[in-house]
Amino acid sequence: IILLVDMLIVAFSFSITNMSGAFSSTSISPFDVMRNYFIIIGVFFIVSFFTKSYAYIIRLSALTDLFRTMMLCFVSMIILVAINIAVYQFHGSPLISMWELAFVVLLALCLMIVERLLVKYIYKRFTTIRNKRHKVMILGSTMKSVILAHWLRDGEGKYDPVALLSFNKAT
């Protein structure tokens with residue numbers, strides 16, 4: 001799921017940059033836009049498998065995850081610049097301007113960092129809610145008390161039964 005969200009972030013970054021028109025001085029055809037779109041998404045997709053930036057989001061520390069995300073973006077940037085220079089050498093015009101490429105990568109990096117921090121925050125938020133159950137003892141040892149204990153343990157409530165207590169000497 002993280003890989004899919006990462007690719008959506010890259011697509012969003014490219015779309016925002018392309019729609020702003022701030023970096024391109026000439027108009028390009030829709031075919032060229034789609035070609036650039038698929039090249040950028042493809043490079044990010046392939047590099048993410050090598051850097052494994054989508055894996056272990058919850059288990060890794062924020063700094064390790066930040067390093068992996070930065071590695072993904074900067075390696076993708078280097079590959080995209082190399083592709084851009086090669087196309088410029090063979091065809092005389094680059095695929096995308098360098099400023100536009102840099103803006104796409106930096107916007108994607110910022111959004112991926114925010115995404116990962118949100119995932120970590122939401123995970124911690126849900127796990128602390130689950131762990132804040134109060135331990136209780138249930139008075140009674142009849143079948144109703146046992147059923148109540150199982151119901152409280154399996155439910156999503158805030159009580160966790162730990163013992164059954166009976167004042168009856170026979171039980």
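## A walk through a mostly helical model

T51 sits in helix 2, and that's a handy place to start in this predicted model. With a relative accessibility of 10%, T51 falls under the 20% cut-off and therefore counts as buried. Skip the residues up to four places away in sequence, and T51 touches R68, M71 and L72. There is also a C-alpha pairing to look at here: T51 and C73 lie 22 residues apart in sequence, while their C-alpha atoms are 10.0 Å apart in space.

Now step back to the whole chain. The protein has 5 helices and 2 strands. Reading from the N terminus, the order is α-α-α-α-β-α-β. The chain has 171 residues, and 30% of them count as buried. Its accessible surface is about 11600 Å², with 71% of that belonging to carbon and sulfur atoms. As for how the chain meets itself, take the contacts between residues at least 6 apart in sequence: 72% of these join residues at least 24 apart.

Helix 1 covers residues 2–20, which makes 19 residues. From first C-alpha to last, helix 1 reaches 27 Å, close to the 27 Å expected at 1.5 Å a residue. Which residues of helix 1 are buried? They are I2, L3, D6, M7, I9, V10, A11, S13, F14 and T17. As a general point, an α-helix has 3.6 residues a turn, so residues three or four places apart point the same way.

D6 is one of those buried helix 1 residues. Its relative accessibility is 1%, which is why D6 counts as buried. Setting aside neighbours within four places in sequence, D6 is in contact with S53, M112, E115 and R116.

N84 makes a good companion case, this time in helix 3, which spans residues 62–91. At 2% relative accessibility, N84 is buried too. Beyond its neighbours within four places in sequence, N84 is in contact with P94, L95, I96 and M98.

Here are four residues side by side, with the accessibility and class of each.

| Residue | Element | Relative accessibility | Class |
|---|---|---|---|
| D6 | helix 1 | 1% | buried |
| N84 | helix 3 | 2% | buried |
| T51 | helix 2 | 10% | buried |
| I122 | helix 4 | 43% | partly exposed |

What about the nonpolar interior? The largest nonpolar core holds 25 residues, and the members that touch the most others are V10, I40, F44 and M112. Two or more residues of this core come from each of helix 1, helix 2 (30–51), helix 3 and helix 4 (98–131). Helix 4 gives the most, with 7 residues. I40 shows what such a hub looks like up close: leaving out residues up to four places away in sequence, I40 touches V10, F14, L80, I96, L101 and V104. M112, another of those hubs, turned up earlier as a contact of D6.

Finally, have a look at the outside. Which residues form a nonpolar patch on the surface? The members are V114, L118, Y121, I122 and F126, and together they have about 530 Å² of accessible area. I122 belongs to helix 4, and its 43% relative accessibility lies between the 20% and 50% cut-offs, so I122 counts as partly exposed. Helix 4, then, is home to I122 of the patch and also gives 7 residues to the core.

Technical notes: Residues numbered from 1 in each chain as written. Predicted model: local features only at pLDDT ≥ 70, side-chain atom pairs only at ≥ 80, totals over all residues. Heavy atoms only, no water. Helix = DSSP H or I, 4+ residues; strand = E, 2+ residues; numbered from the N terminus. Buried < 20%, exposed > 50% of the residue type's maximum accessible area, 1.4 Å probe, protein only. Contact = heavy atoms within 4.5 Å. Expected span 1.5 Å × (residues − 1). Core = buried A, V, L, I, M, F, W, Y, C linked by side-chain atoms within 4.5 Å. Patch = residues over 30% accessible without salt bridge, like charges linked within 9 Å, V, L, I, M, F, W, Y side chains within 5 Å. Areas by Shrake-Rupley, 256 points an atom, 1.4 Å probe, with all protein chains shown as cover. Salt bridge = Lys/Arg side-chain N within 4 Å of Asp/Glu carboxyl O.
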